[in-house]
Amino acid sequence: MAVPLFAQKVDTGYLSTRDAIRLYPKRVYNRHFLLFPISSGNPIKWPDSLRVDWLLDDYSNKPFTLYAHPGQYFVFQIGVWAIHHGIENLQAHFSDLKNGYGGVISTKETTCFNTGGINYLGRPFTKRVNVPLGQVQALWMGINLPATAKGTYEGNVTITAGNSSHVIKIQLEVNGRELINHGFDKGKSLSRLAWLNSTTGINNSITKGYSRVIRKRNTLKILGRSLMIAANGLPGNITTYFTPSNQSIAKSGQPIIDKPFHFIIEKANGTVIHLKPGKIAFTSQAPSFVEWKVTNTSDECDMLCKGRLDFDGFVAYQLTIKAKKPLQVKDIRMEVAMSKGRATYMMGLNKPGGLRPANWDWKWDTTKNQNDVWMGEVNGGLRIKWEAENYVLPLVNVYYTFGKLHLPPSWGNAGKGGVKIFEKGDDVMVNAYSGNRIMKMGEEQHYNFELLITPFKAMNRSVQIGARYYQSSKNVTAGFIHEADSLGANIITVHQGNDLYPFINYPYSDVNVKVLTDFISAAHQGHKRAKVYYTTRELTINLPEFWSFLSLNGEIIYPGPGAKAKTVTNPHGPDPWLLKNLKGRRYIPAWVSHFTKGRYAGMQDLSVITRPDSRLNNFYVAGLNWMVHNMKIDGIYIDDCSMDRTTIRRVRRILDDDRQHANIDMHSWNHFNKFGGWASCMNLYMDLFPYIDQLWIGEGRNYNTPPDYWLVEISGIPFGLPGQMLQGGGNPWRGMVYGMTNRAGWSGTPPDHIWRFWDQYHIKDKTMIGYWDPNNPVNVDDDSVKVTVYKGSEESILAVGNFGSTDQLCSLTIDFHKLGYDKAKCSFIIPEIQRYQHERQLTALDQLKVPGGEGYLIVVKRDR
């Protein structure tokens, strides 16, 4: 049995609240609730227990003395015990803190984290705090001390509930050296709780690599794409300017849709309500976004259309339908028409990524994590996501069943809604319907939806070819730099669960900061970048803020079934430590790291699932900012996450501002199963893709799937992102058709031999022309064999991949005019690549035998 890690110690010296009433009746006599201030070093852990010293110390008539440094973000707690009755709507109020020299610490510099703060969007909010009968609630307090603070400060904290209030007198002794970084450098001080209300990275700036939004009347232009707004406020036309293999941006564009969106309200008698559009009002505009609204009117109802386009290709629509009189509706629906030629591929609504079928029917079902579809071509597509006012980000990975999608009242309509996709003439129609309903006069329904216009950017060849990762799951990291160097890797990803980084998603733990920082410095000295595993989904119980987070009652730690929870990672239920220490709490047990070797051998790290879209996002971003400045990390590795697009944009800004060559790469397990809610990962995380550099969408993937599945679900190319293979190392021959290798150090054969080939033949200087690209100069007479060309001025590389399981005898025909070579002056060679292919001279490319599941890298040289 694994030994728990440091934070997993069980404290003694506690009484149950029931015993406390019996043993200390005078302390609780005639009290609605009891307060006891406590230092941050002794956190309140269990709601049904009290330490004896908390009962013995009576602060009703004496001040509570605390000791702090100038410049420190100082944290302490006040326990509230609901003795005889439950407490509702607990409030905490600070007075100004004053010293004897005229110094004042304003109430603006104080906070109670439990009663409110700043949310992940940067907006203030308040929380209602209730304390059940007989339970203890910790209220965590923060005071932001100025660097000039000195001496003894006095003031009050008043705790109120209903008509009852109690006052704690505070005496704060501020002395000693100034803390330059507010105390954030030491986690045990709990000063980092200030990060919960951080607004770092929240601004309207444009992320590096993108361009400003340009508006000319009703047409909005962004990087490689444009959106024309129709009179009713909905999209009238969407155009892409990306070239077919997403290598660059062209001057002339191609339509993604060339007909306006239609929003239709059909009455029970079959007539369609004619909505007359008012004037488009552009309500807000900055270089990074444009917002607009239009009111569409009729005698029966109005439709208020609000839209916003961001510089990355994200479009948010809020459609509010308001009935002016009782209204019997047969259907309310949205129709989108795409040209057949621009809707070759499809992914979502229970359809794995690949070629679009002629017809597809889907109904709302929240047992599945499905509310969006992507359709399009490699260089132009549209993801449509349907939601309403009750949307919250669901849980991901094997935890979906604990936090499912909410059925939107509008689109879902108690299960009547769905989406039909079908061909109609030269178009492919997307019909999102909601079915019949009766609307009362004054009733509103919110038919909100989001669009992502893809791709987000052209392929970055310096990342696709130049980012060569070493990543290992070993507990002992002593050989990482040497191994990475021997294989030719230039980026080392430090995963969690080893002697450099033991605690999941807390890489700045006091126990490992120095060794991890030293490792990063050593990697830099070896001309390598070093990144860390850092995601939002689960969190170690070993972070010093764990009990503080738990006191926020479901805001940070997801309120799951607790002791009854059984997951794929915990099939027998929570670990005994969780059962004992979180008794009566709501949580979901998550990943467990077992240490078999090294510094933590014989120990384990436990974690719990966190809530999406909470203040943990602020904490996460501020923690990243601290690592960038103090540990000099070169980016992060995101594993299946609960991150929203606002948070990832904040992350990107921090990295771009302070670590110019930092990368973000993202990994995902295959969610298309009952545990993951039958979700397509590319759809699931597409909101984040504008800010990601590289994808590792490979765990749980079958690399014997057809090429259209590879293209849409694995490669990342339709979204402007290079990808890498994972499961078992992938298939190196098929991978090269999409410019993909696996990673060194993780699984399968290391790709060092392919990297050397890339360098020898200067593939970074060549232009990728995919087999799907009409400009591809190579034609193959066998559909199971695909050829992607890496075109250069003097030589080109043909990446040949057999997607069948049997050997294929095929002929490759080159259009030398497209290639730009003289056929008579060209030679062909299959060069030697270790563990990939043996050297062969070719006189022609007909009757080429391609082994099943394998392929070749053929060099076409222009001879002089």
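**Exercise 1. Find which residues phenylalanine 263 is in contact with, leaving aside its neighbours within four places in sequence.**

*Step 1.* Settle the term: contact means heavy atoms within 4.5 Å.

*Step 2.* Know your model. This is a predicted model, where local features need pLDDT of at least 70, side-chain atom pairs count only at pLDDT 80 or more, and totals for chains, interfaces and linings use all residues. Residues are numbered from 1 along each chain as its sequence is written, and side-chain values use heavy atoms, with hydrogens and water left out.

*Step 3.* Read off the partners of phenylalanine 263: Leu234, Met303, Leu319, Ile321, Ile332, Arg333, Met334, Trp411 and Tyr447.

**Exercise 2. Place Phe263 in the largest nonpolar core.**

*Step 1.* A nonpolar core is a set of buried Ala, Val, Leu, Ile, Met, Phe, Trp, Tyr and Cys residues joined through side-chain atoms within 4.5 Å. Buried means under 20% relative accessible area, exposed over 50%, and partly exposed in between (1.4 Å probe, protein chains only).

*Step 2.* The largest core holds 204 residues, and Phe263 and Trp386 touch the most other members. Helix 9 supplies the largest share of this core, nine residues. Helices (H or I, at least four residues) and strands (E, at least two) are DSSP runs, numbered from the N terminus.

*Step 3.* Look also for the core that lies apart from this one: it has 33 residues, including Val80, Ile87, Ile143 and Leu172.

**Exercise 3. Describe the two largest cavities and the residues around them.**

*Step 1.* On a 1 Å grid over the protein atoms alone, a cavity is a set of points where a 1.4 Å probe fits but cannot get out; lining residues have an atom within 4 Å of a point. Grid points are joined across faces, edges and corners, and a volume is the space filled by probe spheres set on the points.

*Step 2.* Searching the whole structure gives three cavities of 30 Å³ or more. The largest contains about 90 Å³ of space. It is lined by 14 residues, with Asn505, Thr535, Leu539, Leu616 and Tyr620 closest to its centre. Helix 9 gives the most to this lining, three residues.

*Step 3.* Sort that lining by type: eight nonpolar, four polar and two charged. Here Ala, Val, Leu, Ile, Met, Phe, Trp, Tyr, Cys and Pro count as nonpolar, Asp, Glu, Lys and Arg as charged, and the others, Gly among them, as polar.

*Step 4.* Turn to the second largest cavity, at about 40 Å³. Trp386 is one of its lining residues, and Trp386 was also met in the largest core. This lining divides into six nonpolar, three polar and one charged.

**Exercise 4. Examine three of the 43 salt bridges in the structure.**

*Step 1.* A salt bridge is a side-chain nitrogen of Lys or Arg within 4 Å of a carboxyl oxygen of Asp or Glu.

*Step 2.* Arginine 308 and glutamate 291 meet at 2.9 Å, N to O. Arginine 308 lies in strand 25 and glutamate 291 in strand 24, 17 residues apart. Arginine 308 is partly exposed because its relative accessible area is 23%, and glutamate 291, at 24%, is partly exposed too.

*Step 3.* Arginine 356 and glutamate 423 meet at 3.0 Å, N to O. Arginine 356 has 14% relative accessibility, so it counts as buried, whereas glutamate 423, at 35%, is partly exposed.

*Step 4.* Glutamate 538 pairs with arginine 537, with the closest N and O atoms 2.5 Å apart. Both residues, glutamate 538 and arginine 537, are buried.

Note on methods
On a 1 Å grid over the protein atoms alone, a cavity is a set of points where a 1.4 Å probe fits but cannot get out, and a pocket is an open set with protein on both sides within 12 Å along at least five of seven lines; lining residues have an atom within 4 Å of a point.
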